[in-house]
Amino acid sequence: GQSLAIALAAWRILPNPDWIGMLAGALLAILSVEVWFHKTCRWWRLLLAGVAGVASGLLIVSSPEFGSHVLDRTEGFLLALVGFIGGAEFGLAAVGLIAAGVFLFLSRFNWYARSVVQPLSALLAAYGIYVIIERFL
């Protein structure tokens with residue numbers, strides 16, 4: 001969802017509303033809290049993660065760095081957009097594969113969920129709530 005949102009927003013097909021940061025923060029908080037209540041992945045977690053991916057793609061497009069490297073180009077826009085999305089996907093795949101190997105290994109231990117997953121989920125939920133509140137200040 002993230003790469004599709006980046007491409008559609010860069011081509012000005014998908015609007016980029018001001019409240020997208022609050023939505024991303026809310027989805028982060030919801031997904032982090034949901035991990036506490038359901039140990040297995042439910043169908044709605046995948047749906048929420050997809051919507052969060054679209055929201056994060058729109059956040060990336062609204063960043064000044066993306067604007068200066070991709071959106072503000074008069075020549076080479078398509079090449080810059082494809083290069084950005086390709087690099088982001090490659091990096092995400094590399095980090096995802098490494099993290100999956102580490103987390104699958106650690107998930108065999110009983111202490112892992114109690115000592116790592118739950119505290120990180122609480123921290124991410126707190127950050128998501130902070131993002132929502134910070135937008136109002």
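1. Start with V70. Leaving aside residues up to four places away in sequence, V70 touches F77, A80, L81 and F84. Keep in mind that you are looking at a predicted model, so every contact here is computed from predicted coordinates.

2. V70 turns up again when you look at the inside of the protein. The largest nonpolar core has 16 residues, and V70 is listed with I6, F66 and L81 as having the most contacts inside it. Five elements give two or more residues each to this core: helix 1 (2–10), helix 2 (20–37), helix 3 (43–61), helix 4 (64–71) and helix 5 (77–106). Which helix gives the largest share? That is helix 1, with 5 residues.

3. Now zoom out to the whole chain. You'll find 6 helices and 0 strands, and reading along the sequence gives α-α-α-α-α-α. The C-alpha atoms fill a box of roughly 55 × 35 × 25 Å along the principal axes.

4. How much of the chain is buried? Of its 137 residues, 25% count as buried. The chain exposes about 9200 Å², and carbon and sulfur atoms supply 73% of that area. As for contacts with a separation of 6 or more, 73% of them join residues 24 or more positions apart.

5. Some nonpolar side chains sit on the outside. W11, I13, L78 and V82 form a nonpolar patch on the surface, with about 440 Å² of accessible area together. Take L78, which lies in helix 5. Its relative accessibility is 48%, so L78 counts as partly exposed; the label "exposed" would need over 50%.

6. The aromatic rings deserve a look too. The count comes to 5 aromatic pairs. One of them is F105 with F109, an edge-to-face pair whose centres are 5.5 Å apart, with 80° between the planes. F109 also pairs with W111: those ring centres are 5.8 Å apart and the planes are at 20°, so this pair is stacked. If you're wondering what to compare, a pair of aromatic rings is described by the distance of the centres and the angle of the planes.

7. Are these three rings buried, exposed or in between? F105 is partly exposed, with a relative accessible area of 44%. F109 is partly exposed as well, at 34%, and W111 is partly exposed at 38%. They belong to one aromatic cluster, made up of F103, F105, F109, W111 and Y112.

Methods
Residues are numbered from 1 along each chain as its sequence is written. This is a predicted model: local features need pLDDT of at least 70, side-chain atom pairs count only at pLDDT 80 or more; totals for chains, interfaces and linings use all residues. Side-chain values use heavy atoms; hydrogens and water are left out. A nonpolar core is a set of buried Ala, Val, Leu, Ile, Met, Phe, Trp, Tyr and Cys residues joined through side-chain atoms within 4.5 Å. Buried means under 20% relative accessible area, exposed over 50%, partly exposed in between (1.4 Å probe, protein chains only). Helices (H or I, at least four residues) and strands (E, at least two) are DSSP runs, numbered from the N terminus. Contact means heavy atoms within 4.5 Å. Rings of Phe, Tyr and Trp (its six-membered ring) pair if their centres lie within 6.5 Å; planes under 30 degrees apart count as stacked, over 60 as edge-to-face and the rest as tilted. Patches are made of residues with over 30% relative accessible area and no salt bridge: like charges are joined within 9 Å, nonpolar side chains (Val, Leu, Ile, Met, Phe, Trp, Tyr) within 5 Å. Accessible areas come from the Shrake-Rupley method with a 1.4 Å probe; for residues, only the protein chains shown count as cover. A salt bridge is a side-chain nitrogen of Lys or Arg within 4 Å of a carboxyl oxygen of Asp or Glu.
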